Every structure is written in C-alpha cells, then in structure tokens.
Amino acid sequence: SSITVNLATALAERGLSVGVLDADIYGHSVPRMLGSDAKPTQVERMIVPPVSHDVKFISIGQFTDGNTPVTWRGPMLHRALQQFLADVYWGDLDVLLLDLPPGTGDVAISIAQLIPGAEILVITTPQQAAAEVAERAGAIALQTRQKILGVVENMSWMELPDGSRMEPFGSGGGQKVADRLTRAVGAPVKLLGQLPLEPLLREGGDAGTPVVLAHPESASGSALRAVADQLAVRRRGLAGMSLGIDTTRRAEPGNLL
C-alpha cells in the first residue's frame, strides 16, 4: 500500500492523470495514506471519487463506519471490484494503480477477469520466504496471460548512524524473484528498485503525506521517485478502452451506492 500510494503521487506530480483503486478489501489503507477521509459523491448512476494529492481514489473504507471490518466472501468481493471499475467515474486516466492483497486469491483472479490487460507489479522483501510468496503471486501471470511490469524490493536495508547498512531481512530476494519470473514467463522481468527501511516512509503513510512529496530527497523518497520515472514513460490513456464491464447496470441489492 505504501508503494502504491507513493508511486501514484509521484506519477501525478509528473503531470499524469492518476487513479488508485484500493482492491485490498479486507486490509484497506489507501484513504489513511493519502490523508483524506472524503467520501465519494453520487451523480445519477456514477460514483465520483475524491481527490487527494492530485490522485483520484476509491476504497471500501469510504463506505464503512470507522474501522469496521469487512467480512465478505468471494462473490461480494468480486461485485465490489466490479462496481469500483464500472460505476466510478475515473475520467481519462493515464494510470490506474490497484493495491491488491498478497497472494493469488479471489481479488487477484477477479482483477485478471475484469481487466485482462492489466500489468502486474510484484512487491517483495529481501527475505527468502517472502520472496517465494511474491514469486507465486507474480507467476499467476502464466495463467491469466497478464504481463509482469517488474519487481520492487521493499525494506532492503537500514541506514545506520555511522553510515553503514544493516540488512535485517537479508539480501537478494528482489533480484531472485525477478530472475525466476524471467525464466518462468520467458520474458525479461526487471528489478525496478530497492527501497530502504526508513522511518520517513512510515511516518508519511501515517500522516497522509507520502514521502515522495514530504521528503522527496530522502533515501526512500528518491528510490520511489526513481521507480516512478521508469513507469512514467509507459504513458497510456484509458479513454476508449473497453474494460469488458457492464456500465449500465441498474441498482442491485448489495451495491455500494
């Protein structure tokens, strides 16, 4: 979630039209990290998302009271994602980032069905056990025929006061994931960046001001902006692109609005 929000704001800062869909229904955190408790508004049958730091965003957290947990099974998850894509007025976006939960569960499968042209950005930590989980998540592309955009390694090291680095979670996990996915899919998968374990990144998420905006020259801010630079050159608007979703559905029981 931290990487999603920071990449979104960094891309928006470069002049791109950016949206974030918080697809982590059970563990939603995007509103907090974007520093906004604004609610969407309804115009006829469409939902207009709020904007924070020049990023349009939608999350199930905007439709629940306080920190109430969401206890839905697969079909309800799919319906919520379908509404977020079909009933939200995103406008002409250059980039829509979706914050997915870990693993290859219902949400990942639904997204592959609803947006078959979506690309996968794999996030891992250097730890071997975490890297194996991330590799499995990326390998879903073999079944869904999606493209893997690249790998980002989070919590790669910690800068110590004496200038040295400590690697609390080991090293090399991100590159191993990229190498293994390259062999699995038969196409180059690049390690796009490594992010240090830095308090400023966490503080920015808790305060609702992403580190790429609050401290752009920090170690984590610089690393995230470097990843965004690589993504920004892939500019492509969504205007006129069919998502394969019925956008003229009548209101149904269980709909968000």
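This passage looks at the nonpolar cores and at one helix pair of a predicted model. Residues are numbered from 1 along each chain as its sequence is written, and side-chain values use heavy atoms, with hydrogens and water left out. Local features need pLDDT of at least 70 and side-chain atom pairs count only at pLDDT 80 or more, while totals for chains, interfaces and linings use all residues.

The largest nonpolar core (buried Ala, Val, Leu, Ile, Met, Phe, Trp, Tyr and Cys residues joined through side-chain atoms within 4.5 Å, where buried is under 20% relative accessible area with a 1.4 Å probe, protein chains only) holds 29 residues. Those that touch the most other members are L7, L11, V18, V20, V55, L97 and L224. Elements supplying at least two residues each include α1 (2-13), β1 (18-22) and α10 (219-232); helices are DSSP runs of H or I with at least four residues, and strands are runs of E with at least two. With seven residues, α1 gives the most to this core. L97 is in contact (heavy atoms within 4.5 Å) with T4, L7, A8, L11, G19, V20 and L21, leaving aside residues up to four places away in sequence. Another core, of 20 residues, lies apart and has A23, I60, L93 and I111 among its members.

Turning to the helix pair, α5 (residues 128-139) packs against α7 (residues 173-185) at an angle of about 30 degrees, with the axes 9 Å apart. The axes are lines fitted to C-alpha atoms over the stretch in contact, and angles run from 0 to 180 degrees between N-to-C directions. α5 is therefore roughly parallel to α7, a term for angles under 35 degrees. On the α5 side, Q128, A131, E132, A134, E135, G138 and A139 meet G173, K176, V177, R180 and L181 of α7.

Definitions and conventions. Parallel < 35°, antiparallel > 145°, perpendicular 65-115°, else oblique. Buried < 20%, exposed > 50% of the residue type's maximum accessible area, 1.4 Å probe, protein only.
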